[in-house]
Amino acid sequence: MQSLFKRFGIALFAVALLAFLFHLNDVEKPQLVNTQGRNFERATVTEILRDNLQENGSRIGDQIVRLQFADGTTAEANCPNGLLFGTVCQPGMTVIAMRSQAGTLSSCTVYSYDRTKAVLGFLLFFCALLILIGGSKGLKSVLALFLTFSSFLFFFFPLLMYGIAPIVAAVITATIILALTVWLICGQTKKALAAGIASFGGVLAAGLSAEIFGATAHLSGYNVTNIEALLFVAQNTRIDVGGLLFAGILFASLGAVLDISMDVSAAVTEVAEAHPASRRELFASGMRVGQDVMGTMAATLILAVFGGSLGTWVLDYVYDLPLLQLVNSNGLDIVIMQGLCGGIGVILTVPLAAASAAHLLSRKAPEVPHP
């Protein structure tokens, strides 16, 4: 009977959650770009009507090609010679075409090469590899990743549309992601609870560090490179674009913080299960493990930030800008803030994880009888 009530409670909670998410996602998005009469469709290149290949091997101007669509219709299309849009068409190639209709006028343009199979193929390979190597925990990791991105899409973004501050929405979303991930991987255990507590503290530390860094260095979310497009969004929605930068830093540190908190909590759990130990001994063991992992994890986070902004670093290096200009440039300071504040969150996660796991797993060692 108790099991039946428990299942009924879980089912009721699931229905209530789905109803809440359905209501939350009932938001009206403003039409920022007129897309009436414009469709993106998959098509096959059947003929090159006019090529743009020059005698020296370069390409100048646009290609004119003939496309065949899935419904059997054909159309003449323009293929731009650009780095961001268009591609170099060849007969038999599958492309994504943009068909526009305005009254009696129609046009067709090649948007890009069809990358759908490549994207889905690598995604499936990644999931299969994770399941193959990780077994049941790998399957749970795939589910956790799916729930993570679902949380962004169906929870975090709608909260922004309702005018919730990005940093507040990020903290709430990060808490949900942490709880789901830790619960799926570790179940309802003390190890999971310790990892969850430490992860939340580490992520919160990264977000607060970013806020303090931004305040002291006079940096805000309005110093980013795509601010013009974001301001246009802010004028037509309730989204506070100024807070997106700090919310992004919080999310960027989430994975590394969760990783190191799980490492430390798992190590303390293994020590506690091997033999009874005091809280101080378990804390010391967790700190030793955390100190070994902390440096590499902080480096991993900073290198990830560096790799994501490599183009900016290369431009600054090639132009040989003076140090005083570099240290005080908005773009570079934002990158530095992302790396350092995420690293601070990782570092502070170590003592949090060690202390949480030691407190939850410590037990009094058995007394040795005197002879």
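**Entry 1: ground rules**

Helices (H or I, at least four residues) and strands (E, at least two) are DSSP runs, numbered from the N terminus. I looked up Leu 258 with that in hand and found it in helix H7. The model I have open is predicted, so to speak of local features I need pLDDT of at least 70, and for side-chain atom pairs pLDDT 80 or more, while totals for chains, interfaces and linings use all residues. Residues are numbered from 1 along each chain as its sequence is written, and side-chain values use heavy atoms, with hydrogens and water left out.

**Entry 2: Leu 258**

Is Leu 258 buried or exposed? I call a residue buried under 20% relative accessible area, exposed over 50%, and partly exposed in between (1.4 Å probe, protein chains only). Leu 258 has a relative accessible area of 15%, so it is buried. I also checked its distance to Pro 322: the two are 64 residues apart in sequence and 38 Å apart in space, C-alpha to C-alpha.

**Entry 3: the largest pocket**

Next I went looking for open space. On a 1 Å grid over the protein atoms alone, a pocket is an open set of points with protein on both sides within 12 Å along at least five of seven lines, and a cavity is a set where a 1.4 Å probe fits but cannot get out; lining residues have an atom within 4 Å of a point. Grid points are joined across faces, edges and corners, and a volume is the space filled by probe spheres set on the points.

The largest pocket has a volume of about 910 Å³. I found 29 residues in its lining, with Phe 13, Leu 17, Leu 147, Ile 176 and Leu 180 nearest its centre. Helices H1 (2-24), H2 (116-161), H3 (166-186) and H4 (190-217) each supply at least two lining residues. Which helix gives the most? That is H3, with eight residues.

For classes, I count Ala, Val, Leu, Ile, Met, Phe, Trp, Tyr, Cys and Pro as nonpolar, Asp, Glu, Lys and Arg as charged, and the others, Gly among them, as polar. The lining of the largest pocket then has 22 nonpolar, seven polar and no charged residues.

Ile 176 turned up in one more distance check: its C-alpha atom and that of Ala 102, 74 residues apart along the chain, are separated by 45 Å. Ala 102 belongs to strand E4 (residues 94-102) and is exposed, with a relative accessible area of 53%.

**Entry 4: the second largest pocket**

Here I met Leu 258 again. It lies nearest the centre of the second largest pocket along with Leu 145, Thr 181, Gly 255 and Asp 259, out of 19 lining residues. The space in this pocket is about 520 Å³. H2, H3 and H7 (254-274) each supply at least two of the lining residues, and H2 has the largest share, seven residues. By class I noted twelve nonpolar, four polar and three charged.

**Entry 5: the cavity**

How many cavities of 30 Å³ or more does the whole structure hold? My search found one, with about 30 Å³ of space. Its lining is Ile 249, Ala 252, Ser 253, Leu 301, Val 305, Gln 338 and Gly 342. H6 (244-252), H8 (279-308) and H11 (330-361) each supply at least two of these residues. Four of the lining residues are nonpolar, three are polar and none is charged.

**Entry 6: the odd shape of H2**

H2 caught my eye. Its 46 residues leave the end C-alpha atoms only 29 Å apart, short of the 68 Å a straight helix would reach; the expected span is 1.5 Å times one less than the number of residues. I found a kink of about 145° in H2, centred on Gly 135, where the bend at a residue is the angle between axes fitted to the seven residues ending there and the seven starting there. Just after H2, Gly 163 has a positive phi of about 90°.

**Entry 7: positive phi outside glycine**

Most residues other than glycine have a negative phi, so I listed the exceptions I came across. His 218 has a phi near 55° and sits in the loop between H4 and H5. Its relative accessible area is 70%, so it is exposed. Asp 320 has a positive phi of about 55° and lies in the loop between H9 (310-318) and H10 (323-327). With a relative accessible area of 66%, Asp 320 is exposed too.
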